[in-house]
Structure formats: C-alpha cells, structure tokens
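Here are some notes on the model you sent. They are set out as numbered points, to be read next to the structure.

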Amino acid sequence: MGRINEIWNSYSGHEKRNIAFYIAGIMMYKLGLEFFNGSITTLATDRFASKLTFTKLGAAQGVNQAAQCVGAILIAPLIKKFPTRSVLAGAIFLFGIMTVILLVVDAATGGKMKAAGAKKPSYGDWNPNLIFVVWTLSGISYGMVELIRRVIPADIVGGDANKLRRMDATVHIFYEIAGTSGAFASSSAISRWGNNYSFFLTPVFFSLAGILWLIISTLNFKSAQVIQQELEQSGLADVEKKSSNNYLVQIGHGAMSFFESVYVGAKLVFTNRRFIWLFPAYAIALYCHRFLESSLGAAFAKRVLGVSAWSQIIVGGSNFGELLGALAVLVLSDVVTTPLPWLRLDAIALNIVWVLPTFALTATHDVSWAWKIAGCFIPVSFGWAAGDVSLAAYIQSALSDSQFTHHNVSALGAVMAFLYSTYIVLNAVFSSVLGGVIDRDWIKNGDISTSLKYVGGVHFTIASAIIFASTFIPIGAWAFNPKALGGVGLNNANAQTSSEEDQDSDDEKDLKKLSGNTTELEKSRS
C-alpha cells in the first residue's frame, strides 16, 4: 500500500481528478468492447455457413484490423485542432453508433431476443455477409479511439516521463480488470439474450465512456511533441506537418507517410542486428496471441463444446493472464530490466496450446471444459503480456539513439508501423487459411481434433521455436536475465556517449528531450 500511496501522491489534485475520470471511462470502453467483440465473433461462427465458418471469420477479422489503420489516418488531423478529450469522446460516440447498426437490421428483419430457456436465438432475415460491413465500419471507429487514447495521457499529466509510465501502468491494469470481467459477463449475456442482441449494452457502455471523458478538463498542457511522438508510432506524423488545411489533403499526406514509414521500418529492422529479432519477438508473438483468442478459442467452443458463447469464458481467462503479466512487469521492473526473460517465458508457454487437441478427444458439452481451457490460457497470455509491455519500452529506448534517423519519418514511428502492419498481414492471411483447415476437418470428420493438432499444436510449437531463438540474437542476450542489450536496458534506456548525459537519470534525459523543442511544437499545434 505504501508504494500505491507514493504513486498516487505524486500527482496534483487536478491530475488525480482527470486520471480518475479517464480510468473510469476506459473501463466502460473496455466493457463495451468485450460485449461487442464477443457477440459479433460468436454471431459469425453461428451464422456463417458451416463449410466456410472459420475461413470467413478469419477474413472478417483481417478486414477489421485493416480498417483500424484507416480510422487512425482519418482521425489524426483532428487531434491538434480540437481538445483531445472532445475528439476521444466523439470517436467513442461514433463507435457506439456503428455497433447499433446490426441491432437495428436484425430487429427490422424479424429478429428477436432469445427467449428464456430457448436453445437458439431467433435471427432476422439478413445476409450473414453483412457482418463484414459492420466489422469494417466498427474497425474504422475502433482505430480512431485506439489512436487518441494513446495521446491523451500526456495531456493529463504533462511531460513528466515518470508520471507517464506510472499512469500507463495503472491504466493498463484497470483496463485488463474490465476486460476480464467483461469477457465473463458477455458470455452470460450471449447465453441469455442471444448473440444477435447481447451487445445492446455496448452503446450504453460507450456512451458512459464518452460522458466520463467529456468531464475531463480541457487540459492546459498541450505538448505537441508528445502527441507527435504518438502519431509517429502509427506512421502518421506527417499528417500534421503539411501546410495545407484541407482535411482530405491531410489524410492523403497521412496515408503516404504511413506507407513510407512501413518501408523505412522494414529496412531498419532487417539491416540491423539490434532490431531484426523484433520481427518474430513482436509481430509473430502478437499474431499468435490474437489467433489464440479470436480463432482457436472460438473454434474450440463452437466445434468441440457446441456452444459458441463459451468462447468468451476462454477469452476471460486470457485477459486475466494479461492482467497478471502487466502486474508482474510493474512489480519486477527493477529486477527484470530487458524483455528477453519475458519473451522466453512467452515462447515456452505457447506450447501449452497442445492441450486443445488433447482436450478435444475427451471434452463433453459441459461449461466446465471452457473454464479448464480458460485456466490453461492464463499462463500463455501472462507471458505474452509481460513480453509485450517490456518490449514496447525496449523499442522506444533503443530507437531514441540519434544515429537512427530519417529525413521524412522518425525511426520509432517507422519500426512500429512496420511491426504492426506485419502483424495485421500475418493475422489476416493465416487466420483465413488456417480457418479453412479447421473447416475442412469438420466437414470430413465431424470434429476438429486432427486440425487442432496442426493449427494449434504444431503451428504454435514452430512459432515458439522461432520466438525463443530470436531472443539470442541481440548483443548480450546469452545471459539468463541480461541487464542490457547492446547498451539498452529498461533502467538505462537512453545511454549516450557524452559523459555529462551518462550522469543523468533516465527521467532527466527524457525531460531534456521533451523540453528541447516544446516552444516550436506548441506553436505548430495552436
């Protein structure tokens, strides 16, 4: 409790108020998101033709993630023109409207809420391919919200790097608490009301989130530099650098800058030993985590357990593992100073997925099996979340080195754009292709135990070996718990060559960077 009090007391009363409302809003947002994602995923598995269920599910999820990039490009020009809290609230209200579309269409075509005691929902007379449209539109809104919520923390607590890290960690913990409870609650909602109406609570939660975020003050701190850094991570920084005030022109510049960032990032990653290992450690690891939750969990619940709603129980276990992983990094940040131990744990834990083909041979249509799978997913997601959180810190630290520069885009933005774009491509392609393997196994044999051996077991074992091997590439990586990688560690993030800067703490270095161009960037925002 002493540590918690110390963190809380480091903020001013004004900052505490804004943080409280922001966290309350982010929890409402995550609850609504879990209800929507759980409902539409199970709706897709129930409505798509059995021959192509998981092929189409993977394709729809890939389109949704591509739409998120579009949403980020569309919203970027608005961030500096309007108060951040207002843009964030507007984006979440728009997201809520997008989620209502399917509710209206189902009701207008004769669909009804699942009656108490009924085995199946009463769907309306609409083409199941409409799910692609809804998922695409919601993906655009989702991308808008996700970009802005990475910008607003700097407006709330200012440029103090220490405060920002503490706030990010705190927000992440509460975010996963809401995610875990939301996943479990959505499973019950789907079972009770049917997956065509169970997400009627999503626009309610999103509206509450928007209202809470509007209560945040207009925020006196308007650091254009911090916002620019966040936009650079999405490859969108040049949206704000162009002289034209035309919104469509700014979007065009943003799109071109994004693709240029991906290209530059690919060159930087594949031509440097310091970064080449990030491709498997970040992109492949993130793909495995998303495929585990969105495809394997859904397939096991639908084809083995016979109840698609139980996939949200499995997701709830995964979210709880992420919560524990984030807490572990926060508590052990002074002991584990690089991401490698966490990434190795993640790689080893991926082999736990072999329980899926094993359980598929003996599992019955009983909810207890969903809880068993949820328990098995906890250590898998624990390892991934711990690795992901610490890896993000390493990437930012390593790319702060001034030798990695480009005349048009930042090195940090380029690498992050490339890694995330690679993940989107991997997930879009493999989710659909491997979903087809599951579909063919179901059609041929009437179960998916064989396909789970390859799509789950063999697939994840290969990924595990690649990720584990990649952790030995960086300089200094052969130690069990290395303190630095090529001079970069979480507690020594910005090593410099000058003796004067070597004597500074990490926070002092961060503050120097933040203060260097504050005046110029604030003028560009006004």
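1. Thr45 lies in helix H2, which covers residues 13-47. The model is a predicted one, and the remarks below should be read as remarks on a prediction.

2. Thr45 has a relative accessibility of 2%. The cut-off for buried is under 20%, so Thr45 counts as buried.

3. What does the side chain of Thr45 reach at 2.7 Å? The partner is the backbone oxygen of Thr42.

4. Setting aside the neighbours within four places in sequence, Thr45 is in contact with Thr53, Phe54 and Leu57, and also with Ala298, Lys302 and Ser308. For the chain, contacts between residues at least 6 apart in sequence were counted, and 83% of these join residues at least 24 apart.

5. Leu327 belongs to helix H13, residues 311-331. Its relative accessible area is 32%. Partly exposed is the range between under 20% and over 50%, and Leu327 is therefore partly exposed.

6. Which residues make the nonpolar surface patch of about 400 Å²? Leu327 is one of them, together with Leu330, Val331, Leu332 and Val335.

7. Some totals for the chain follow. There are 21 helices and 0 strands. The chain has 526 residues, and 56% of them count as buried. Its accessible surface comes to about 21000 Å², with 64% of that belonging to carbon and sulfur atoms.

Note on methods: Residues are numbered from 1 along each chain as its sequence is written. This is a predicted model: local features need pLDDT of at least 70, side-chain atom pairs count only at pLDDT 80 or more; totals for chains, interfaces and linings use all residues. Side-chain values use heavy atoms; hydrogens and water are left out. Helices (H or I, at least four residues) and strands (E, at least two) are DSSP runs, numbered from the N terminus. Buried means under 20% relative accessible area, exposed over 50%, partly exposed in between (1.4 Å probe, protein chains only). A polar contact is a pair of N or O atoms within 3.5 Å; within protein, one must be able to donate a hydrogen and the other to accept it, and residues adjacent in sequence count only if both atoms are side-chain atoms. Contact means heavy atoms within 4.5 Å. Patches are made of residues with over 30% relative accessible area and no salt bridge: like charges are joined within 9 Å, nonpolar side chains (Val, Leu, Ile, Met, Phe, Trp, Tyr) within 5 Å. Accessible areas come from the Shrake-Rupley method with a 1.4 Å probe; for residues, only the protein chains shown count as cover. A salt bridge is a side-chain nitrogen of Lys or Arg within 4 Å of a carboxyl oxygen of Asp or Glu.
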